[in-house]
Amino acid sequence: GMLFNSEYKLDADQLVSFVDNHDTGKESDKWLTKDWNLAYAYIFFYPAQPCVFYNHYFGDTQYEFGHSDKAQTLPAELGAYIDILIASRKHYLGGEMMHLTDSSEKYKNFYLAFREGNESCSGAFLSISNAINNSQHTIMLPKQYTAFYGEELINLLEPGSKVTVFENGEVVFHCKPRSAGIWILKDDWENSNNTNQKIADSLTN
């Protein structure tokens, strides 16, 4: 995107990101028809300003303009999932984003990025797996992330899901099919009780 484009780079506050909008929403050949959770996890982690499509948030049936026979109904739980992403972004993210994987065969079906945090968080990792089965991915975190070495990470998008970063920086992500995770330090999670309750409420309602 333009956030990382060396020739046409723009600041994050000059950019917006979206999954669908009122233009793409009119034409069925432009609809996203699966993996809305992965797309929204990415744009809410990405520093640009994320936009939520009305139909996605409220679970409305989406129709092609002028063709009522072409329609799709969004998952009812997508709106609650977006609420979790809103809370996660607001309370835990605030700085630059760095890609930690590339498009090589080594990282096929897996993506990992880091984004700097704010006054209440040391930063977070975004993991995305588009594999159709359960998968396991071993990553060596660069030395610039030594603050995470030997620490436990909590997944904000899946209650009870944790991973440990070994003392040498190695971490193994166990991913469910077509899933995303936002991982923060256990200490940051435990030190932000109000945010804990807000995200917990989103996960249980």
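Select tyrosine 42 to start: with 25% relative accessibility, this residue is partly exposed (buried is under 20% relative accessible area, exposed over 50%, partly exposed in between, with a 1.4 Å probe and protein chains only). Add tyrosine 46, which is buried at a relative accessible area of 9%. Tyrosine 42 and tyrosine 46 form a stacked aromatic pair, 5.6 Å centre to centre with 25° between the planes. Rings of Phe, Tyr and Trp (its six-membered ring) pair if their centres lie within 6.5 Å; planes under 30 degrees apart are stacked, over 60 edge-to-face, the rest tilted.

This is a predicted model, in which local features need pLDDT of at least 70, side-chain atom pairs count only at pLDDT 80 or more, and totals for chains, interfaces and linings use all residues. Residues are numbered from 1 along each chain as its sequence is written, and side-chain values use heavy atoms, without hydrogens and water.

Next, select phenylalanine 125 and phenylalanine 148. Their ring centres are 5.0 Å apart and their planes at 75°, so this pair is edge-to-face. Phenylalanine 125 is buried at 0% relative accessible area, and phenylalanine 148 is buried at 4%. Add Phe114 and Tyr145 to show the cluster that ring pairs make with Phe125 and Phe148.

Now colour by pLDDT, the predictor's confidence in each residue, from 0 to 100. The protein chain averages 89, and 89% of the residues score at least 70. Among its elements, helix H5 (residues 193-204) has the lowest mean pLDDT, 61, and strand E7 (residues 124-129) the highest, 98. Helices (H or I, at least four residues) and strands (E, at least two) are DSSP runs, numbered from the N terminus.
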